[in-house]
Amino acid sequence: MSKQPTLNGHAQWEAEFAQGVVGDATTYNRSGIGIKPLYTPQDHNGAPYEESLGYPGQYPYTRGIYSTMYRGRSWSQRQLVGLGVPEDYNLRVKEMLDLGASALSLIPCNSVFRGYDADDVPSELLGTCGTVINHVEDMRVALDGVPIGDLSTAMNDPSPFTLLAFELAVAKRRGVPWTKITGTSNQSDCISHFVANHMFFRLALQGARRVIVDHISFVNKHVPGWNPLSIVGQHMQQAGATPAEAMAFTLCSGIQYAEDCIAAGMDPDQFLPRFTFFFDVSVSFFEEVAKFRAGRRIWAKLCRERFGAKDPRSWRFKFHGQTSGVDLTRQQPLNNVARVTTQAMAGIFGGLQSLHTDGYDEVFSTPTAEAARIAVATQNILREEAHLTDVIDPLGGSYYVESLTNDMEAKINAIISMIDEAGGMYQAVEKGIVQRMIGESALAFQKKVDAGEQTIVGVNAYQVEEDPATYPSLEYPDAARMQSYLGRLADFKKSRSSSDVDKAISALAKSANTPKSNVFEHVVAAAEVGATHGEICGTLRKELGFGQPLTVV
């Protein structure tokens, strides 16, 4: 039997190590956690195994939320797709499915994110970073030939969730029961949009707060396979939050939404199993692994002890990961393939449930078909060739990983306590506390890059001269194609029943001013009779308030 390292052995190593080291041997990761050059059993806190780690699929879920994890079922390969008009989206989706994607996401045009129809904004801005989806017929075309009753279809769909409403209307037309519709209302986290995406103008924060609770209530009742809430840490981290801050702020948003649902009379064991999370995965490999393991453990404790949930399914921390576009560089863009691979591995070892890998050329445009193929193939290689699915939580038990997970947990919990003291996430955002912390972290990281303390290959080190034109980017939209779409939009508005639309919009407005009425129910009803996205959003802005920039103090 091998002996454990002794204190004398540790002291001898420290002396030998010091002979080759100048200055402080401790470095710091992006979250500000000190990283030592070596970890030993002395760094383990000695907590009982089942209390701090446990087995996969068992509380506190540090090692994964399912007992078999990827040995039983691989993560979903959910490629985010969005460009041009509905026909373009449909074509790209079918290509991705043929290449091995097992779930879909729809990224709408920025005009949709901002709450407007295509004919309300300058046409040259349309379809450049997402698909123009304005009404139920657009969704029918986008999902033509896609088996929505058998395939998970996540919609990047901020409040008031018109994309899901359009999909439900399409399902009804096809005769697909809503009980067979599965997927997620991605980007449904209004807090992250206000804090990091500056989506002030879509709907006032408190108005969005009302709609999201109604959305959760409606979906739990009528679309039980759908996840109505995706709490987004990605926005926070891409805006500059450290990994620890991004996890903490995301969990604080989850706390806020859970408490709002409980205040509305919902049972935690009804809505918590359908809460999901969406995170950025940076290239800081071990830090990301520890972030996810710590977040999973904290959420389980919150759900059981703070919210009083009794069903183990309510304690599960289900999350989607997207490789970080912020880490990608315009300089030497083929290096981004290595970055995306590293990020994907961090997410996989962190125990994600679905994964999107960025195209290496997303720094220039919506990914080209070649870059999208490489992004999908990256996941296939990691799963099929590298055999990353063979062992559940393979880094579990590592002195370094367990110590880092504990440190990350402590830092996250400290931020959660601070937000609690501020009155919860809504009040912390309205006071500008969250925005200030993110801004300070973004500035601190950029200063390190500028000073050369943080190496970015091709940017501040290992530079080479190259012509950016060497790398093709997707040229879109075609002006004539977009003008054709605008013509179809005008025709759609003329062909629908204006009286039915007027009645539905009037009922939606009344619902917004009736506390006991479910606003999302009326969003769905309006979508079914042909109301457009812009009309629905405009009605709710009028009744629930137009968002304004929040002051940072």
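The exercises below, each with a worked solution, concern a predicted model.

**Exercise 1.** Determine which residues beyond its sequence neighbours Trp 13 is in contact with, and whether Trp 13 is buried, exposed or partly exposed.

*Solution.* Begin by placing the residue in the chain: Trp 13 lies in helix 1, which covers residues 7-19. Next, leave aside the neighbours within four places in sequence, and the contacts of Trp 13 that remain are Pro 37 and Leu 38. Finally, consider the relative accessible area of Trp 13, which is 27%; because this value falls between the 20% limit for buried and the 50% limit for exposed, Trp 13 is partly exposed.

**Exercise 2.** Describe how helix 20 and helix 22 pack, and work out what kinds of residue make the contact.

*Solution.* Two packed helices are described by the angle between their axes and the distance between the axes. For helix 20 (residues 498-512) and helix 22 (residues 533-544), the angle is about 30 degrees and the axes are 9 Å apart, while the crossing is right-handed. On the side of helix 20 the contact is made by Val 501, Ile 505, Leu 508, Ala 509 and Ala 512, and helix 22 contributes residues including Ile 536, Thr 539 and Leu 540. Sorted by kind, the residues of this contact comprise eight nonpolar, one polar and two charged.

**Exercise 3.** Explain why Cys 261 forms no disulfide with the cysteine whose sulfur is closest.

*Solution.* A disulfide is a covalent bond between the sulfur atoms of two cysteines. The cysteine sulfur closest to that of Cys 261 belongs to Cys 190 and is 11 Å away; because a disulfide requires the sulfur atoms to be within 2.5 Å, this distance is too far for a bond. In keeping with this, a search of the whole structure finds zero disulfides. As for its surroundings, Cys 261 is buried, with a relative accessible area of 0%.

**Exercise 4.** Find which parts of the chain are tied together by the salt bridge of Glu 137 and Arg 173, and then treat the pair of Asp 260 and Arg 209 in like manner.

*Solution.* The side chains of Glu 137 and Arg 173 meet in a salt bridge, at 3.7 Å from N to O. Glu 137 belongs to helix 6 and Arg 173 to helix 7, so the pair ties together parts 36 residues apart in sequence. In the second pair, the closest N and O atoms of Asp 260 and Arg 209 are 2.8 Å apart, and the salt bridge links helix 11, which holds Asp 260, to helix 9, which holds Arg 209, across 51 residues. Asp 260 counts as buried at 12% relative accessibility, whereas Arg 209, at 23%, counts as partly exposed.

Notes
Residues numbered from 1 in each chain as written. Predicted model: local features only at pLDDT ≥ 70, side-chain atom pairs only at ≥ 80, totals over all residues. Heavy atoms only, no water. Helix = DSSP H or I, 4+ residues; strand = E, 2+ residues; numbered from the N terminus. Buried < 20%, exposed > 50% of the residue type's maximum accessible area, 1.4 Å probe, protein only. Contact = heavy atoms within 4.5 Å. Axes fitted to C-alpha atoms, helices over the stretch in contact; angles between N-to-C directions. Left-handed = near helix turned anticlockwise from the far one by under 90°. Nonpolar A, V, L, I, M, F, W, Y, C, P; charged D, E, K, R; others polar. Salt bridge = Lys/Arg side-chain N within 4 Å of Asp/Glu carboxyl O.
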